[in-house]
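Trainee: I would like to go through the labels on this model and test each one. Can we take them in turn?

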Amino acid sequence: MKHIENDDQFGGLTVNKGVTQPPVVNPYLRTRRRRVLPSAAELVEGILKGDTTILARAVTLVESLSPDHQAIAQEVIEKCLPHSGRSRRIGITGVPGAGKSTSIDVFGLHVLRRGGKLAVLAIDPSSERTKGSILGDKTRMEKLSVHPDAFIRPSPSAGSLGGVARKTRETIVLCEAAGFDNIFVETVGVGQSETAVHSMVDFFLLIQLAGTGDELQGIKRGIMEMADGIVINKADGDNIPRAQLAQAQFRSALHLFPPTASGWQPEVLTYSGYFELGIPEVWDMIDRYFEFVDANGYFERKRSEQARYWMYETIDSQLRAHFYNNPEIERMLAEREIRVLNNQQSSFTAARDILDHYFESMK
């Protein structure tokens, strides 16, 4: 830029040129190369070797919504399926604040001391408003998170527990193929997720608290019928008498429920996750359960029922996805929604019209 102030008529005035403006983009910044997507064969090879980095990448593909990622993930799952099924799958649930993560930390260490490997799959609740999740379970599992034989993977529920449950079940297959012979699945702990997790595990452990005034509510909940074992946490110090009282109440309540499909009578124990008291007794109960269901054939029968259940669940989810992702259906949904909101058409006839159009287009 030319400065008139530097003209001879303006003696004594000088304006310096200044410095050249640097470029907006740092010239020394290297352009990040996009990571090349590994092939299904490479992922399977790494998983079978027990490489947790490769396992984590495969799980990410399983959780991805990208069609390309899903295609690779399904191929990996199919190839890992023959190497799966040789683990104990244990679901762990309880009300928020019951100490699930702390308990998993001490339960996991007890399991690892006996040999083997442990994978922890934690379903973390997502915000209904932002769809975000904290995914902070690893911070509460301080000892397991640094153990070389443990693999912890939190997954966001993202508002769709059915979808997350299916992906969690697929992740179980990958973890078993990687050599993890103990699988813990921690639920969100708020209703629907317990049913989904119950349909993919061998043993369902319910963690309860004593002295909270919620014992009767805990007994009334339908989750009691799904539990194979009930453990009362924080049975330490002054809370021991309250924990023992709650133990007696839960034992009495269990007699009111019909017999379980396995023939196993659920046990009620007390323990302290924080002080690591009563942990071996809890695991002895789980060992007795597996011995019991192995002997009467229920273990294999339940695994078969679960496989059939997830086949139909997958069909349902795929049909829903095919319906809602149809461009013509999307247009009709928008039109009919306006008519319903303006009281020009009932909800039922609008739904019938859309479904009739969908089925007609499938012929």
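Mentor: Start with Asn343. In this predicted model, Asn343 sits in the loop between helix H13 (327-341) and helix H14 (347-361).

Trainee: Why is Asn343 called exposed?

Mentor: Set the value against the cut-off. Exposed means over 50% relative accessible area. Asn343 has 72% relative accessibility, so Asn343 counts as exposed.

Trainee: What is notable about the phi of Asn343?

Mentor: Its sign. Asn343 has a positive phi of about 60°, although it is not a glycine.

Trainee: Where is Lys234 found?

Mentor: In the loop between S6 and H10. Its phi is near 65°, again a positive value in a residue other than glycine.

Trainee: Why is Lys234 called partly exposed?

Mentor: Partly exposed lies between the 20% and 50% limits. Lys234 has 36% relative accessibility, so it falls in that class.

Trainee: What makes Ser317 partly exposed?

Mentor: Its relative accessible area is 30%, so Ser317 is partly exposed. Ser317 lies in helix H12. Its C-alpha atom is separated by 9.6 Å from that of Arg166, and the two are 151 residues apart along the chain.

Trainee: How do you know that Ala227 is buried?

Mentor: Buried means under 20%. Ala227 has 1% relative accessibility, so it counts as buried. Its place is in the loop between H9 and S6. The C-alpha atoms of Ala227 and Ile92 are separated by 9.5 Å, with their positions 135 residues apart along the chain.

Trainee: Ile92 brings us to the strands. Which residues stand opposite Ile92?

Mentor: Take one strand at a time. In S5, Leu205 stands opposite Ile92. In S4, the bridge partner of Ile92 is Glu186.

Trainee: How do you know that S1 pairs with S5 and S4?

Mentor: Count the bridges. Pairing needs at least two bridges. Strand S1 (residues 88-94) and S5 have five bridges and pair in the parallel sense. S1 and strand S4 (residues 182-186) are also joined by five bridges, and they run parallel.

Trainee: What makes S1 and S5 mostly covered?

Mentor: The buried counts. In S1, six of its seven residues are buried. In strand S5 (residues 203-209), seven of its seven residues are buried.

Trainee: Which residues cover the two faces of S5?

Mentor: One side has Phe203, Leu205, Ile207 and Leu209. The other side has Phe204, Leu206 and Gln208. All are buried, and both faces are covered.

Trainee: How many bridges join S5 and S6?

Mentor: Five, and the pairing is parallel. Leu205 stands opposite Gly229 in S6.

Trainee: What makes S6 and S7 a pair?

Mentor: Four bridges join strand S6 (residues 229-233) to strand S7 (residues 267-270). The cut-off is at least two, so they pair. The strands run parallel. Val231 stands opposite Leu269 in S7. From S6 the chain crosses through helix H10 (residues 240-254) to S7.

Trainee: Why is that crossover called right-handed?

Mentor: View it with the strands pointing away from you. A clockwise path from the first strand over the helix to the second counts as right-handed. The β-α-β crossover from S6 through H10 to S7 is right-handed.

Trainee: Turn to helix H1. Which of its residues are buried?

Mentor: In helix H1 (residues 40-48), these are Ala40, Leu43, Val44, Gly46 and Ile47.

Trainee: How do you know that they are on the same side of H1?

Mentor: Look at the arc. They cover only 165° around the axis, so they lie on the same side of H1. Just after H1, Gly50 takes a positive phi of about 85°.

Trainee: Last, the second largest pocket. How much space lies in it?

Mentor: About 420 Å³. Of the 24 lining residues, the closest to its centre are His198, Glu225, Thr260, Ala261 and Tyr298.

Trainee: Which helices each supply at least two residues of that lining?

Mentor: Helix H9 (223-226) and helix H12 (298-324). H12 gives the most, with five residues.

Trainee: What classes make up the lining?

Mentor: The lining of the second largest pocket has 12 nonpolar, eight polar and four charged residues.

Conventions
Residues numbered from 1 in each chain as written. Predicted model: local features only at pLDDT ≥ 70, side-chain atom pairs only at ≥ 80, totals over all residues. Heavy atoms only, no water. Buried < 20%, exposed > 50% of the residue type's maximum accessible area, 1.4 Å probe, protein only. Arc of directions from axis to C-beta. 1 Å grid on protein atoms, 1.4 Å probe; cavity = no way out; pocket = protein on both sides within 12 Å on 5 of 7 lines; lining within 4 Å. Points joined across faces, edges and corners; volume = space filled by probe spheres on them. Nonpolar A, V, L, I, M, F, W, Y, C, P; charged D, E, K, R; others polar.
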